Amino acid sequence: MQVTSTRVRLLRGKGIYAIASVTIDYELTINDIKVFRQGADFNLRFPNTENAKQNNQFSIHADEHIYKEIKAAVLRQIDSLL
């Protein structure tokens, strides 16, 4: 699996640093990924079941490998915006 597209909207407030959308292999798009800044690091929170149902979306549970790939792609996009 490969991240083929990344879009980021910076918020920089109230705990959430940004909202991201990521497309994997040109086929699967994950919207509403929340990006939190914790010290010098960033963490991602994928749509969970409750919020996903309200927005007619699926819940996402990424394994460690794809989480790292998505996080790296999101951070590259954030760096390009700054």
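**From one threonine to the whole chain**

Thr 6 lies in strand 1, which covers residues 3-13. The model in which this residue is seen is a predicted one. With a relative accessibility of 17%, Thr 6 is classed as buried, because buried means under 20% relative accessible area. Leaving aside residues up to four places away in sequence, the contacts of Thr 6 are Ser 21, Val 22, Ala 73, Val 74 and Gln 77. Two of these names, Ser 21 and Val 22, lead to strand 2, which comprises residues 16-24.

Strand 2 pairs with strand 3, residues 28-38, in the antiparallel sense, and 7 bridges connect the two. Within this pairing, Ile 16 is placed opposite Phe 36 of strand 3. The hairpin of strand 2 and strand 3 has 3 residues between the strands, and Asp 25 adopts a positive phi near 50° there.

Strand 3 also pairs with strand 4, residues 41-45; these two strands run antiparallel and are joined by 5 bridges. Here Arg 37 has Phe 42 in strand 4 as its bridge partner. The hairpin formed by strand 3 and strand 4 has 2 residues between the strands, and Gly 39 in the turn shows a positive phi of about 70°. As a general point about such elements, the side chains of a regular strand alternate between the two faces of the sheet.

The view can now be widened to the full chain. It contains 4 strands and 2 helices, and from the N terminus on the order of the elements is β-β-β-β-α-α. Among contacts between residues at least 6 apart in sequence, 33% join residues at least 24 apart. The contacts of Thr 6 with Ala 73, Val 74 and Gln 77 link strand 1 to residues far along the sequence.

What radius of gyration does the chain have, and why does this agree with a compact globule? The chain has 12 Å, and a compact globule of 82 residues would have a radius of gyration near 12 Å, so the two agree. Along the principal axes, the C-alpha trace spans about 30 × 25 × 20 Å.

Burial and surface complete the description. Of the 82 residues, 32% count as buried, and Thr 6 is one of the buried residues. The accessible surface of the chain amounts to about 5,600 Å², with 48% of it belonging to carbon and sulfur atoms. As for charge, the chain carries 11 positive and 9 negative side chains, and a separation of 10 Å lies between the centres of the two sets.

Key:
Residues are numbered from 1 along each chain as its sequence is written. This is a predicted model: local features need pLDDT of at least 70, side-chain atom pairs count only at pLDDT 80 or more; totals for chains, interfaces and linings use all residues. Side-chain values use heavy atoms; hydrogens and water are left out. The radius of gyration is taken over C-alpha atoms; the globule rule is 2.2 Å times the number of residues to the power 0.38. Buried means under 20% relative accessible area, exposed over 50%, partly exposed in between (1.4 Å probe, protein chains only). Contact means heavy atoms within 4.5 Å. Accessible areas come from the Shrake-Rupley method with a 1.4 Å probe; for residues, only the protein chains shown count as cover. Lys and Arg count as positive and Asp and Glu as negative; His and the chain ends are not counted. The place of a charge is taken as NZ of Lys, CZ of Arg, CG of Asp or CD of Glu. Two strands pair if DSSP finds at least two bridges between them.
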